[in-house]
Amino acid sequence: MKITYSIIAPIYNEKENLPELYRRVKEVLDSTGEPWELILVDDGCTDGSTDIIRELASNDKRVRPVIFARNFGHQVAVTAGLDYSRGDAVVIIDADLQDPPELILEMAKNWRAGYEVVFAVRAEREGESWFKLWTASLFYRIISRITDVKIPLDTGDFRLMDRKVVNVMNSMRERHRFLRGMSAWVGFKQVGVEYKRAARTAGETKYPFRKMFRLALNAITGFSYFPLQVATYIGFVSAGIAALAIPVVIYMRITGSQAFFGQATTLLAVLFLGGVQLISLGVLGEYIGRLYDEAKGRPLYIVREAPDDN
Ligand code: UDP
Ligand code: MG
């Protein structure tokens, strides 16, 4: 059967949210009168969500479970959903209902009007700490400054993509994924729709600072060489200062000035440059580690149970 809409929801311990997610997605998509599927990607749940996913799937054939062998992370879970999706339009949504399924109708309208990527822009966010809001806003602004792709500000992964776009995304098998960057990178006709981001309906965020930080690093290293070039800039600046200082110091020596006689100056210079060098090594390490991961060529994810296709 031909499917118009594929909805992908990555699930990591969302047992309280699953029934409500299914109910709302079903209500919204049934109202379109077109065939749809809901792909629930179980990203190594440990709270019993897996059983709920299986139950939903056995009651409704349009629910297709993809169950991972362990936790592979949000971006990889969504990738698996994209791989299994069959619809003409594919929507990525969070399982915690922070992204209202009702917005899918508005996205679909834009898709029908010819847009190939319709991303949701968070006009307002509820129930999140000022720290999360502040780091998120800082992150989006840094990214847009230093990367070559125009990643729209204040968007998450909540978006609708045309089949053409999904096929291109599926051919990009990079390991450290930043999907919203990738979907901006591909081009096509894109448009944003605004929405108010609600608070989580149940449970806690599955994105602690550590994971957000990794995502930010993946975004930066995946789309920019800027961190690698910083070392070059600092190198030029400090070499330039040194070159200017040499004749000054020689002159002062000849004229017998006593301006430089302490150890503090030397110590500070050594510490500062040593620090800069170590940071640069670390930056190099980030890129080399990623190269190594790519070279190993392991599968992006391991599926324990794939949907028995209907
Ligand atoms: N998620 C996942 N794997 C993970 C972490 C999160 O599949 O390792 C899912 C989670 O179940 C949710 C979505 O990714 O559906 C977004 O996570 P969350 O709501 O915790 O992020 P936040 O909205 O707080 O940024
Ligand atoms: Mg959330």
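In this predicted model, ligand 1 is surrounded by 19 residues, and the closest are Glu 14, Asp 43, Asp 96, Thr 205 and Lys 206. Sorted by class, this shell consists of nine charged, five polar and five nonpolar residues.

Polar contacts to ligand 1 come from side chain and backbone alike. Glu 14 places a polar side-chain atom 2.6 Å from an oxygen atom of the ligand. A backbone N or O atom of Ala 95 lies 2.9 Å from an oxygen atom of ligand 1, while a polar backbone atom of His 74 is 3.4 Å from one of its nitrogen atoms. On its own, ligand 1 has 530 Å² of accessible area, and the protein covers 95% of it.

Asp 96, one of the residues closest to ligand 1, also takes part in the metal site. The magnesium ion, ligand 2, is coordinated at 1.9 Å by Asp 96 through OD and by Gln 98 through OE1. Asp 96 has a relative accessible area of 3% and is therefore buried. Gln 98, at 7%, is buried as well.

Away from the ligands, the structure can be followed through its salt bridges, of which a search of the whole structure finds 22. One of them joins Glu 102 to Arg 24, with the closest N and O atoms 2.9 Å apart. Glu 102 sits in the loop between β4 (89-92) and α4 (103-112) and Arg 24 in helix α1 (residues 18-30), so the bridge ties together parts that are 78 residues apart in sequence. Glu 102 is partly exposed, at 35% relative accessible area, whereas Arg 24 counts as buried at 18%, because the limit for buried is under 20%.

A second pair, Glu 37 and Arg 86, has its closest N and O atoms 3.2 Å apart. This bridge also links distant parts of the chain: Glu 37 belongs to strand β2 (residues 36-42), and Arg 86, 49 residues away, to the loop between α3 (74-84) and β4. Here the acidic partner, Glu 37, is buried with a relative accessible area of 1%, while Arg 86 is partly exposed at 32%.

Glu 286 and Arg 290 form a local bridge, with a closest N to O distance of 2.5 Å. Both lie in helix α10 (residues 264-296), and because they are four residues apart, about one helical turn separates them. Glu 286 is partly exposed at 28%, and Arg 290 is buried at 9%.

Salt bridges can also join into a network, as they do among Lys 26, Asp 30, Asp 60 and Arg 62.

Definitions and conventions
Residues are numbered from 1 along each chain as its sequence is written. Chains are lettered from A and ligands numbered from 1 in the order in which they are written. This is a predicted model: local features need pLDDT of at least 70, side-chain atom pairs count only at pLDDT 80 or more; totals for chains, interfaces and linings use all residues. Side-chain values use heavy atoms; hydrogens and water are left out. A residue is near a molecule or strand if one of its heavy atoms lies within 4 Å of it. A polar contact is a pair of N or O atoms within 3.5 Å; within protein, one must be able to donate a hydrogen and the other to accept it, and residues adjacent in sequence count only if both atoms are side-chain atoms. Accessible areas come from the Shrake-Rupley method with a 1.4 Å probe; for residues, only the protein chains shown count as cover. Ala, Val, Leu, Ile, Met, Phe, Trp, Tyr, Cys and Pro count as nonpolar, Asp, Glu, Lys and Arg as charged, and the others, Gly among them, as polar. Donors are N, O and S atoms within 2.8 Å of the metal (3.2 Å for Na, K and Ca); water is not among the atoms, so sites may look incomplete. Buried means under 20% relative accessible area, exposed over 50%, partly exposed in between (1.4 Å probe, protein chains only). A salt bridge is a side-chain nitrogen of Lys or Arg within 4 Å of a carboxyl oxygen of Asp or Glu. Helices (H or I, at least four residues) and strands (E, at least two) are DSSP runs, numbered from the N terminus.
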